[in-house]
Every structure is written in C-alpha cells, then in structure tokens.
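Got the model open in your viewer? Here is a walk through it, one selection at a time.

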Amino acid sequence: MDWFPLANSLRIAALSTAAVYVLGIWLADGVAKLPPALKALADVALTLPLVLPPTVVGFLLLMLLGPRRPLGSLVLGSFGVRLTMVWYAAVFASVVVAFPLMYRTARGAFENFDETLADAARTLGKSESWIFWRVKLPACRTSIIAGAVLAFARALGEYGATSMVAGYTPHVTATVSTTVYQLWQIGDDGLALRWVLVNIAISALALFVLNHLEARDRAERRR
Amino acid sequence: MLDVRIDKQLGSFQLDVSLSAEGAGAMTALVGPSGAGKSMTLKAIAGLVHPDGGRIELGGRVLYDGTRGIDLPARERNVGYLFQSYALFPTMTVEQNIACGMRMRGRAERDARVAEKIRTFHLSGLEKRRPHQLSGGEQQRAALARCLANDPEALLLDEPFSAVDEELKAILEGELLELLSAFPGPCILVSHDRPEVERLCSSIVEIRDGHAR
C-alpha cells in the first residue's frame, strides 16, 4: 500500500488547521467588537462555507486562483507559482471549508468569557493586548483547542472543493478522500476499503480527543 | 481625598451622584437597595463606565472632567477595585494573580513583594492553588491582596460580603478592617446592608434610584 495519500492528507490538514487557528481566533475577536449591523453581516459571510456545498467553494476558488484568474495569474506571473492542481491548492480549499468550525467555536468561547475578568485587569493597569493573551485566551483555551481539533477533522475529510482545485494526480495531489473515489471508479474495492478504514480510524480518533476535551472543560466548570 | 460628581442617563434610569471620601483608614459607605446605581458609580470612578458629565478627582489628579473632555482609561487611574465575584484570573495561581497587580519592577523585588502580600493576607500554603481551589474567604483575601499589591491611590469594594454566609461574614468583616487599617487612601464600600456599613464605615452616603448627594 502506497502511503502518499495519507501523508499528503495529514500535511494539508495540519497546515490548514494552523492557518484556520490564527484566522479563526483573530476574526472571532474582531467580529465581536463590530457594531451590531456589521457584526450580523460579517458573521453570515464567515459562516457561509459551513453550509455551502463544497463544489460552490471549489468553483469560487477556481475563479480566483486559476492560472488565468486575477490572483492565480498574478502569482503565476510574479513568482512562477501555480495555485491550482498542486498539492498545496488543497490547503486553500480546506482552510475555507474548515474555517467556520474554528471561528464559531472561538466566538462561542469569547461570548461566554466573563468580562469582569477583563475589567479587573484594566483596574490593575493592564493593556488590552495583555488581557487578550494572558486572561482571555487562557480562559477560553479548552474550547479553542476543541475548535482546532474539529477543524483538523473537517480538513482531513475535505473532498469536494479539494478535488476541484487540486484534482487527483497519484503521488502529487492525491489525498485519502480523492484516492477512495479514484479506487472506487476503477473498481479496486479492496484497496478503497482499506483507505476508508484508515480515514474512519483517524476521524474517530479526532472526535475522541474532542469529547475528552469537552468533558474536561465541563468538569472544570463544575468545580 | 476622592471627589466624585457624575451623571449618566441609561434608558429611563438616571444616575446623579456626588460624594467625597477622605483617606487615612476611614471607610466611606455607599449604601442603597439593589438597582440603585451603586455598582455603576464604582465602575464610573474606576473608569469602566463612562459618565455623561461631571468630574472625578483623586488626590489632586483629575480622572474625569466632562467639560474639559478628560477621561483617563481605567488602566491609568490607579484605582483598586474589589469585585463582588472577586474576578481572580482562573488560569493563574494565587501567586501569579497577586504578581499581576504589581507595576513594573525587577523580578527579585517582585517575588519579595508577592511573598510579603502572601504573609500579610494569610495566604501561606495557598501560593500554588488556583482560585477554584480556594474557599470564599480565601478568594476574597487573594483578590484584596492583588488590589493592594498594585499600590492603588483609592480602593473600591463592591459588596465584599455578598457571597459569604452570616457566620463567616463576621470573621471577614474583622479581617477586612484589619487588612485595610494600613491603607492610606480613600476607600469606598458598596453595600445594601445598613447595619454592616454602620459597623465598618465612618461616613455613609445613601443612594436611591440613582440619586445621592
């Protein structure tokens, strides 16, 4: 069994999670500070990828990143780097699809944050950035880690947008999910089944970690 | 000396308070039923709530002046605030919470000062505990130690005994008086309990429906 699809899926999911982690926390905090009308709008826009079919996300990404499209041609022209049909194109797809999970989890945690703690820090002479890094983020850390695990699991399971922007090239862009589809297409059910089991095992593990984190968080709150 | 004269409109609620508090161990009480505007007055003094107009002066320093457009942010006011819920940082130990209150100092000096506060506030042995591992009284002492570690020029106490039962309350009152006896600045205690403030405070300001003068 050739393990490239697994390694590729894992690096795509890891990179996407890192990007989504930073973006999700940053935007969740930023949106919370917006005036109500803008907030509602921003919230819908940032959550939309959660409910859109991945094919719609893939289509929009191709419109932007394709070699003859605005961003794609600019990057290709300036750096000679293609943004589609390469392994890291799948990172763009996974980031967009997994982002809402991180964003909404972080936003929920920030909304539950006790503002009295921030006020206490202010009266102690602390800056807003100190409050964010030393009080708010640590207080919300369990939910934020849970959001990252969820985003990782989602990125690992990404198929629709990934197959459109990265395609399927063995040893180049093949991921676990696109490999399963390819093997099924050519009728190699035995190998397809093995990949299916690998996928189920990793996703189940991620969900176990998630449940464990949430149980620990609940236990801490009760005390 | 703390001089406060503020007004603020919040929906149909009108806050209109003027009070002054002397320093030197004499506590001033702000007493009234819940919803009268006690906490909001404290928050305005601390800079956590912004009044519509008026003036707040602390020891010759203007913290707020509506007509001159002065409104110092909370972190520059140097006013200690003991919250009703104590507001200890849940992810930090007692020691770390107290160290947070200290202004920029060398590490050695800071450690020595933290150790001193731990002793003074009867928190020895609890240094490495987190707030949820402390009793109500211990949490209150830790929060007060954190406030005072910051060398505030004034101290605001928001219903410090609302979270404890009657029996403990008598002990904590005595403790609070003892711990605060060395505090030189003005100190305002907010309470809805008249007998309590008569035991603890030398002057009493009554607030009703947002009005106190």
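Start by selecting B:D193 and B:K169: both residues are buried. Keep in mind as you look around that this is a predicted model. Now show the two side chains as sticks, and you'll find B:D193 and B:K169 in a salt bridge, 2.8 Å from N to O. Colour by secondary structure next. B:D193 sits in the loop between β9 (187–191) and α7 (194–200) of chain B, while B:K169 is in helix α6 of chain B, so this pair ties together parts that are 24 residues apart in sequence.

**Next stop: the two domains of chain B**

Colour chain B by domain. Domain 1 covers 1–78 + 154–213, and domain 2 covers 92–151. If you place a marker at the C-alpha centre of each domain, the two markers are 24 Å apart. Where the domains meet, 14 residues of domain 1 of chain B contact 12 residues of domain 2 of chain B. Together the two domains bury about 990 Å², with 61% of that on carbon and sulfur atoms.

Which three residues of domain 1 of chain B should you select here? Pick B:N78, B:E175 and B:L179, which supply 46% of the area that domain 1 of chain B buries against domain 2 of chain B, more than any other three residues.

Stay on B:E175 and add B:R141. Their side chains meet in a salt bridge at 3.4 Å, N to O. The interface of these two domains has one salt bridge by the rule used. Polar contacts between the two domains come to three residue pairs, counting those with both residues at pLDDT 80 or more.

Now highlight β8 (154–158) and α6 (166–180) of chain B, the elements that give two or more residues to the side of domain 1 of chain B that touches domain 2 of chain B. The largest share of that side, seven residues, comes from α6(B). Colour that same side by residue class and you get 10 nonpolar, one polar and three charged residues.

**An odd backbone angle in chain B**

Slide along to B:E159, in the loop between β8 and α6 of chain B. What is phi of B:E159 near? It is near 45°, a positive value in a residue other than glycine. Most residues other than glycine have a negative phi. Is B:E159 buried or exposed? B:E159 is buried, with a relative accessible area of 10%.

**Over to where the chains meet**

Zoom out and show both chains. Select the contact residues: 18 come from chain A and 23 from chain B. The area buried between chain A and chain B is about 1600 Å², of which carbon and sulfur atoms give 69%. On the chain A side, click A:L117, A:T123 and A:L124, the residues that lose the most area to chain B, together 36% of what that side buries.

How many salt bridges does the rule find across the interface of chain A and chain B? Zero. For polar contacts between the chains, the count is two residue pairs, both residues at pLDDT 80 or more.

Then highlight α6 (115–123) and α7 (128–139) of chain A, each of which supplies at least two residues of the side of chain A that touches chain B. The largest share of that side, seven residues, comes from α6(A). By class, the side of chain A that touches chain B has eight nonpolar, four polar and six charged residues.

**Charged pairs to click through**

Side chains of opposite charge can pair when their charged atoms come close. Over all chains, the count comes to 25 salt bridges. Here are some to visit:

- Select A:D43, A:R104, A:R107 and A:E111 together, and you have a network of linked salt bridges.
- Select A:R154 and A:E158, whose side chains meet in a salt bridge at 3.6 Å, N to O. A:R154 is partly exposed at 29% relative accessibility, whereas A:E158 is buried at 3%.
- Select B:E206 and B:R208, a salt bridge with the closest N and O atoms 3.3 Å apart. B:E206 is partly exposed, with a relative accessible area of 39%, and B:R208 is partly exposed, at 48%.

**Last stop**

Finish on A:H171, found in the loop between α9 (160–165) and α10 (176–185) of chain A. Phi of A:H171 is near 70°, a positive value in a residue other than glycine. Turn on the surface, and you'll see that A:H171 is exposed, with a relative accessible area of 53%.

Technical notes: Residues are numbered from 1 along each chain as its sequence is written. Chains are lettered from A and ligands numbered from 1 in the order in which they are written. Side-chain values use heavy atoms; hydrogens and water are left out. Domain bounds come from an automatic or database domain assignment. Contact means heavy atoms within 4.5 Å. Buried area is the accessible area (1.4 Å probe) that two parts lose on being put together, summed over both. A salt bridge is a side-chain nitrogen of Lys or Arg within 4 Å of a carboxyl oxygen of Asp or Glu. A polar contact is a pair of N or O atoms within 3.5 Å; within protein, one must be able to donate a hydrogen and the other to accept it, and residues adjacent in sequence count only if both atoms are side-chain atoms. Helices (H or I, at least four residues) and strands (E, at least two) are DSSP runs, numbered from the N terminus. Ala, Val, Leu, Ile, Met, Phe, Trp, Tyr, Cys and Pro count as nonpolar, Asp, Glu, Lys and Arg as charged, and the others, Gly among them, as polar. Buried means under 20% relative accessible area, exposed over 50%, partly exposed in between (1.4 Å probe, protein chains only).
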